[in-house]
Amino acid sequence: MNYSSTRGKGGRTTLSAALAAGLAPDGGLFVPDSRPSFQLRHFDGARELSDVAERLLQPFFAGDPMAGDLHAICDEALNLPVPLTAVDAPNTFVLELFHGPTAAFKDFGARFLAACMACLPDAAHATRTVLVATSGDTGAAVAAAFHRRPGFRVVILYPDGKVSPRQAHQLGCFGDNVQALRVEGRFDDCQRLVKQALADHELAERMQLTSANSISLGRLLPQMSYYALAALQHWRDTGRKLGFVVPTGNLGNALAGLLARDCGLPIGSIVLANNSNRVLADFFSGKDYAPRSSVTTLANAMDGGTPSNFERLRWWYPDAESLRQQLSADWADDEAIRDTIIRWHADHDVILCPHTATAARVLERRRAKGDDSDYAIVATAHPAKFNSVVEPLIGRTVDTPPALQALLDRPAHADPMPADYPAFTHVLHTFL
Ligand SMILES: *Cc1c(COP(=O)(O)O)cnc(C)c1O
């Protein structure tokens with residue numbers, strides 16, 4: 001499989017090269033040149049996430065120097081449980097993606113990317129600097145995945161004061177080869193600084209930079225596997241397709257679901273759930289695509305006004321109308337998020353994080369319009385990560401998973417930084 005840029009310049013490249021670069025040289029996003037097509041029998045006997053992932057990703061790795069490492073990469077990175085649990089509401093399930101070390105779905109992509117990067121041909125020689133802009137969960141997952149890995153340093157940028165207290169603690173608690181920067185600005189500023197650094201040729205001569213944002217193929221590809229696993233499991237159990245409602249910010253997670261469906265997995269409708277940053281909900285309701293600056297919400301990991309994976313989506317479906325037939329979208333504001341957390345706890349005995357609550361709300365609205373097909377709400381984070389929001393609403397404490405507690409028990413530190421490029425390059429040049 002070869003990969004090329006959504007902006008069409010720079011020719012074809014291998015998966016290894018695309019992963020090492022992060023962003024294509026012309027500023028576009030890497031996309032696979034074809035979408036492999038699977039039959040259900042290709043997954044016979046595959047019941048663990050790592051098995052499904054290995055079969056699904058094999059064509060994406062075909063011909064690459066890393067192809068021989070795929071089994072070990074899946075084994076190391078994707079040995080996480082992904083329970084699909086039934087809710088006591090008709091045809092409704094929750095796909096729990098929060099059983100990794102940092103309690104959010106970002107662990108799947110970050111661990112896979114780190115395992116891949118450790119296999120890159122020249123990984124033994126130069127130190128790679130992994131840049132990551134985060135609105136909360138990505139940074140911690142990437143830090144956990146690369147922490148103390150020889151040959152890597154991680155620089156995390158997050159908007160100061162705009163992540164939950166526990167998220168902030170997680171971002172700053174690693175130390176060693178991980179530096180956390182609390183940026184005086186929004187998530188969009190952090191993302192802009194990272195993009196600028198990745199496109200900076202002068203900087204590239206001084207250090208090997210790469211990114212771990214949701215634009216990275218190394219995150220997109222493994223995320224297909226839990227959609228595949230859940231859909232296969234549901235198909236085997238019921239003979240019906242499973243749809244997904246996905247809390248969405250930069251579209252990385254939902255795009256992986258779409259890609260899995262395009263590869264032939266038995267996936268039904270894919271519904272995007274925005275918070276008040278409703279760029280996608282507006283587009284899919286028929287309005288023009290209109291990126292805008294982000295607003296702060298309770299579902300802060302979805303607080304972006306410029307969904308970075310939209311460019312990939314448009315590349316696959318250049319025509320807006322045919323794109324609108326692939327996905328649908330809706331949104332929930334903070335009031336709806338709070339109300340949904342309270343009601344799901346009371347009515348279904350399920351504690352939702354604020355992100356997952358947007359999906360629950362969006363599903364309820366579809367149910368009200370008569371859609372009774374099978375859906376899994378994609379639970380993107382553990383509610384304990386957002387205890388300061390969730391606990392006052394439900395009136396009880398949320399049990400903290402042991403892995404999260406271990407991180408919270410470590411001391412944390414982040415350096416302040418203004419949202420300007422010279423300040424950022426100064427940090428890149430000085431930190432080691
Ligand atoms: C990152 C994140 C999202 C949004 O995922 P995208 O891939 O950016 O759409 C949703 N929920 C949680 C908890 C997250 O950490």
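# Helix contacts, sheets and internal spaces

In helix α4, the residues Lys106, Asp107, Ala110, Arg111, Leu113, Ala114 and Met117 meet Asp137, Thr138, Ala141, Val142, Ala145 and Phe146 of helix α5. By class, the residues of this contact are 8 nonpolar, 1 polar and 4 charged. The model is predicted. The briefing continues with these two helices, then turns to two open sheets, one of 5 strands and one of 6 strands, and ends with the largest cavity and the largest pocket.

**Helices α4 and α5**

- Helix α4 covers residues 106-117, and its axis lies 8 Å from that of α5.
- The two helices pack at an angle of about 40°, and their crossing is right-handed.
- Helix α5 spans residues 137-146 and supplies at least two residues of the lining of the largest cavity.

**The sheet of 5 strands**

- Parallel pairing joins the strands of this open sheet, which follow the order β8-β5-β6-β7-β13.
- β8 and β13 (415-418) each have a single partner strand, so they stand at the edges with one side left without a neighbour in the sheet.
- On average, neighbouring strands of this sheet are turned by 30° against each other, direction ignored.
- Within the sheet, β5 (residues 128-133) and β6 (residues 152-159) pair in the parallel sense over 6 bridges.
- Ala133 has Leu157 in β6 as its bridge partner.

**The sheet of 6 strands**

- The second open sheet has mixed pairing and runs in the order β3-β4-β12-β9-β10-β11.
- At its edges are β3 (84-86) and β11 (327-331), each of which pairs on one side only.
- From one strand to the next, the twist averages 25°.
- Strand β4 (residues 92-96) pairs with β12 (residues 375-379) in the parallel sense, over 5 bridges.
- Leu95 has Val378 in β12 as its bridge partner.
- Helix α15 (residues 354-368) lies across five strands of the sheet, namely β4, β9 (242-247), β10 (267-274), β11 and β12.
- Relative to β12, helix α15 runs at about 160°.

**The largest cavity**

- The structure holds 4 cavities of 30 Å³ or more, and the largest of them contains about 290 Å³ of space.
- Its lining is made up of 27 residues, and those closest to its centre are Phe105, Lys106, Gly249, Asn250 and Ala301.
- Lys106 also belongs to the α4 residues that meet α5.
- α5, α9 (217-238) and α10 (252-262) each give at least two residues to the lining of this cavity.
- Helix α10 has the largest share of that lining, with 3 residues.
- By class, the lining of the cavity comprises 10 nonpolar, 14 polar and 3 charged residues.

**The largest pocket**

- The largest pocket has a volume of about 420 Å³.
- It is lined by 26 residues, of which Ala21, Leu23, Ala24, Pro25 and Leu198 are the closest to its centre.
- Two or more lining residues come from each of β1 (3-5), α1 (15-21), α7 (187-198), α8 (201-206) and β8 (208-211).
- Among these elements, α1 gives the most to the lining, with 4 residues.
- Strand β8, which contributes to this lining, is also an edge strand of the sheet of 5 strands.
- The lining of the pocket divides into 14 nonpolar, 8 polar and 4 charged residues.

Conventions: Residues numbered from 1 in each chain as written. Predicted model: local features only at pLDDT ≥ 70, side-chain atom pairs only at ≥ 80, totals over all residues. Heavy atoms only, no water. 1 Å grid on protein atoms, 1.4 Å probe; cavity = no way out; pocket = protein on both sides within 12 Å on 5 of 7 lines; lining within 4 Å. Points joined across faces, edges and corners; volume = space filled by probe spheres on them. Nonpolar A, V, L, I, M, F, W, Y, C, P; charged D, E, K, R; others polar. Pairing = 2+ DSSP bridges. Axes fitted to C-alpha atoms, helices over the stretch in contact; angles between N-to-C directions. Left-handed = near helix turned anticlockwise from the far one by under 90°. Contact = heavy atoms within 4.5 Å.
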